[in-house]
Amino acid sequence: MQDAEKDIAAFELPLVKAVFRDVTPLNVSRSAARAAASVTRTVLTGLIDGALRAAAEESRKKLLPRDLVTAVDRDVELEVGAAWYHHSPTFKGLTGVVHDAEGAVVEAPGRGGSPKLSAVVGAHRFEGGIRKLLRERGTGAVPEMVRELDGIASVFLTDLARDAARVAREGGVGRFGSVALVVPGELSDPLPVSDPARVSEPARVSDPARVSDPAPVSPARSTRTGDGRTIDRDDVLAATMIQLFGGVRQRAVAAVREATETAQ
């Protein structure tokens, strides 16, 4: 099975497009959906591999939720979909106290009360894809672990879709301006990034020494040529540059290129 077909097998394009519809009325091209599926697959594979290493230290193959916590703690590049942590019993307490714009403490959402994020409500949609990824890596997981991976995948993909939509709407220029991230082995053309701070400053760093120096940032023109009504592959690539950093970002960008070029 080709890599592009694997991406679709793990994260089916209709489900990926459904996530985009949750956050934007813009059209989503097939190449954009393939790109988003590929990026999500890359991130989830990294999480599973990190959890596998943690489980191997205890001579286990079946993954437990604590293996996921260990994987994220050891590799800050994999700390994505942090909004899921507030809904997760596994990650409870790891995000610290959250304050709103006025400084008031934001309580973690409970089972009832205010509506949850659409990504959390629809998190179950990727359970089949998560199980396929686990089988590909030669492992299994308890239901609670599948739920955690499912939730992270859904929230991450929602964040990716939201940023891709903003890039498409704004023609590559967000309220923080346009920047180019120059990283060896990554995209050679400048890509618009709405918030450069989000690239070099992860939400929580357990060990700052493990984080490489942030990529140099320089002013750049917007390279987007679309009409602003359709999200395309390059918009997803720009969103990937916002959401990820370091080695996982390089792997995700390379995977997008392979998946979308193979499909052409």
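The following exchange asks how several descriptions of this predicted model are justified.

Reader: What makes up the protein chain in terms of helices and strands, and how much of the chain counts as buried?

Author: The chain has ten helices and eight strands. Of its 264 residues, 47% count as buried. The accessible surface comes to about 12800 Å², and 50% of that belongs to carbon and sulfur atoms.

Reader: Among contacts between residues at least 6 apart in sequence, what share joins residues at least 24 apart?

Author: The share is 74%.

Reader: Why is helix H9 called largely enclosed?

Author: A residue is buried when its relative accessible area is under 20%. In H9, residues 233-243, nine of the eleven residues meet that condition, so the helix is largely enclosed by the rest of the structure. The buried residues are Asp-235, Val-236, Leu-237, Ala-238, Ala-239, Thr-240, Met-241, Ile-242 and Gln-243.

Reader: Which residues of the largest nonpolar core touch the most other members?

Author: This core has 57 residues, and those with the most contacts to other members are Phe-11, Phe-20, Leu-44, Leu-47, Leu-149, Ile-231 and Val-236. Two or more residues come from each of helix H2 (13-23), H3, helix H4 (65-74), helix H6 (127-136), helix H7 (143-170), H9 and helix H10 (246-263). H7 gives the most, with 13 residues.

Reader: What does Phe-20 touch, leaving aside residues up to four places away in sequence?

Author: Phe-20 touches Val-28, Ala-36, Ala-161, Ala-164, Ile-231 and Val-236. Val-236 is also one of the buried residues of H9.

Reader: Why are H3 and H4 called roughly perpendicular?

Author: Their axes come within 8 Å and cross at roughly 110°. Angles of 65 to 115 degrees count as roughly perpendicular, and H3 and H4 are therefore placed in that class.

Reader: Which residues meet where H3 and H4 are in contact?

Author: From H3 the residues are Leu-47, Gly-50, Ala-51, Ala-54 and Ala-55, and from H4 they are Asp-67, Leu-68, Thr-70, Ala-71, Val-72 and Arg-74.

Reader: Asp-67 is in that list. Is Asp-67 buried or exposed, and how do you know?

Author: The cut-off for buried is under 20%. Asp-67 has a relative accessible area of 2%, so Asp-67 is buried.

Reader: What makes the pair of Arg-60 and Asp-67 a salt bridge?

Author: A side-chain nitrogen of Lys or Arg must lie within 4 Å of a carboxyl oxygen of Asp or Glu. For Arg-60 and Asp-67 the closest N and O atoms are 2.8 Å apart, and the pair forms a salt bridge.

Reader: How many salt bridges does the structure hold, and which pair links distant parts of the chain?

Author: The structure holds twelve. In one of them, Arg-137 pairs with Asp-49, the closest N and O atoms being 2.8 Å apart. Arg-137 is in the loop between H6 and strand S5 (140-141), Asp-49 is in helix H3, and the two are 88 residues apart. Arg-137 has 37% relative accessibility and counts as partly exposed.

Reader: How does the salt bridge of Arg-162 and Asp-159 lie along the chain?

Author: Both residues are in helix H7, three residues apart, about one turn of the helix. Their side chains meet at 3.3 Å, N to O. Arg-162 is partly exposed, with a relative accessible area of 37%. Elsewhere, Glu-58, Arg-60, Arg-66 and Asp-67 are joined into one network by salt bridges that share partners.

Reader: What is notable about the phi of Ser-59, and how do you know that Ser-59 is exposed?

Author: Most residues other than glycine have a negative phi. Ser-59 has a phi near 55°, a positive value. Ser-59 lies in the loop between helix H3 (30-56) and strand S2 (62-63). Exposed means over 50%; Ser-59 has a relative accessible area of 70%, so Ser-59 is exposed.

Reader: Why is Ser-154 called buried?

Author: Ser-154 lies in helix H7. Ser-154 counts as buried because its relative accessibility is 0%.

Reader: Where is Gly-171, and why is Gly-171 called partly exposed?

Author: Gly-171 is in the loop between H7 and strand S6 (179-181). Partly exposed residues fall between the 20% and 50% cut-offs, and Gly-171 is one of these because its relative accessibility is 26%. Gly-171 and Gly-228 are 57 residues apart in sequence, with their C-alpha atoms 6.5 Å apart in space.

Technical notes. Residues numbered from 1 in each chain as written. Predicted model: local features only at pLDDT ≥ 70, side-chain atom pairs only at ≥ 80, totals over all residues. Heavy atoms only, no water. Buried < 20%, exposed > 50% of the residue type's maximum accessible area, 1.4 Å probe, protein only. Helix = DSSP H or I, 4+ residues; strand = E, 2+ residues; numbered from the N terminus. Core = buried A, V, L, I, M, F, W, Y, C linked by side-chain atoms within 4.5 Å. Contact = heavy atoms within 4.5 Å. Areas by Shrake-Rupley, 256 points an atom, 1.4 Å probe, with all protein chains shown as cover. Axes fitted to C-alpha atoms, helices over the stretch in contact; angles between N-to-C directions. Parallel < 35°, antiparallel > 145°, perpendicular 65-115°, else oblique.
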